[in-house]
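Student: Could we go through the charged side chains here, and set each label against the rule behind it?
Tutor: Gladly; let us look at the structure before we begin.

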Amino acid sequence: MVNHIDLSSVLKRSVCALYSNLVTRPTGAAVRTEIELQLGQLGPQALTIIDFSHVGALDFSCADEIVAKLLLSSIANPERQDVYFVFRGMTDSHLDAIETVLERHGLALVYDRGADDVRLFGDIDPAGREAWEAVFNCGGGPADEIAATVGISCEEASALLEDLRRRRLLMRTEAGYVAVRPVS
C-alpha cells in the first residue's frame with residue numbers, strides 16, 4: 001500500500017490553518033502525532049511518501065520531531081516492521097535542518113528529487129551507499145547477485161544489505177532485496 005502525506009495539509013489540520021512553516025518542537029510533535037495516527041490505520045506493510053512541497057521554513061526542532069522520530073520509530077517498533085518512507089519536495093533550507101538531525105541520530109532516508117532522481121540522504125557510509133545504488137539500479141535481487149555487482153564477498157554484501165533493510169532503506173522479499181523507491 002502506498003500512502004501520500006502532504007505535510008502542509010497535516011500542519012493546517014493539526015496546528016493552524018494560517019501557517020505553512022514547520023517551526024518549534026511542539027508543532028513538530030503535533031504533526032508527527034497526526035502522521036502516526038494515519039500510519040496506524042494502514043496495514044502492516046506500507047510505503048509512505050512524506051511531501052514537503054508546500055512547506056515554507058523547517059527548523060531543526062521540527063525536523064527532529066518529524067523526520068528523525070518517524071524514522072527512529074519505524075526502525076525500533078517491531079509491530080511496524082514493514083513501514084518505509086520516501087521523502088520529496090525538500091528545498092535546500094529543509095535539507096540543512098534534516099541533514100543535521102539525520103547525522104545526529106545516525107539515520108538516512110530515501111530522497112525523491114523528481115525526474116527519476118532518487119538517492120540516499122543523511123548518515124550513510126560509502127559501502128552502504130554503493131550497495132543501495134546497486135540494488136536500486138538493477139531493480140533488486142538476492143545478496144549473491146548484489147555482491148557480484150558491487151564486487152564484494154557474499155557475506156559482506158549480506159551484512160550491508162541487512163543493515164540497509166534494518167534502517168528501512170531496502171525491503172526484503174522472497175526474491176531478495178528491493179530498494180525503497182517512489183511508486184507512481
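**Charged side chains and their labels**

Tutor: In this predicted model, Lys69 has a relative accessible area of 32%, and is therefore partly exposed.

Student: What makes the pair of Lys69 and Glu65 a salt bridge?

Tutor: The closest N and O atoms of Lys69 and Glu65 are 2.9 Å apart, and the rule asks for a side-chain nitrogen of Lys or Arg within 4 Å of a carboxyl oxygen of Asp or Glu, so the pair qualifies. Both residues lie in helix 3, four residues apart, which is about one turn of the helix.

Student: Why is Glu65 called buried?

Tutor: Glu65 has a relative accessible area of 4%, and buried means under 20%, so the label follows.

Student: How do you know that the salt bridge of Arg25 and Asp64 ties together parts that are apart in sequence?

Tutor: The two side chains meet at 3.0 Å, N to O; Arg25 lies in helix 2 (residues 25-40) and Asp64 in helix 3 (residues 60-76), so the parts tied together are 39 residues apart in sequence. Arg25, Asp64, Glu65 and Lys69 are among the members of a network of salt bridges.

Student: Why is Asp51 said to have no salt bridge?

Tutor: The nearest side chain of opposite charge, Arg88, is 5.1 Å away from the buried Asp51, and a salt bridge must be within 4 Å, so this pair does not count. The side chain of Asp51 does, however, make a polar contact of 3.1 Å with that of His4.

Technical notes
Residues numbered from 1 in each chain as written. Predicted model: local features only at pLDDT ≥ 70, side-chain atom pairs only at ≥ 80, totals over all residues. Heavy atoms only, no water. Buried < 20%, exposed > 50% of the residue type's maximum accessible area, 1.4 Å probe, protein only. Lys, Arg positive; Asp, Glu negative; His and termini not counted. Polar contact = N/O pair within 3.5 Å; in protein donor to acceptor, adjacent residues only side chain to side chain. Helix = DSSP H or I, 4+ residues; strand = E, 2+ residues; numbered from the N terminus.
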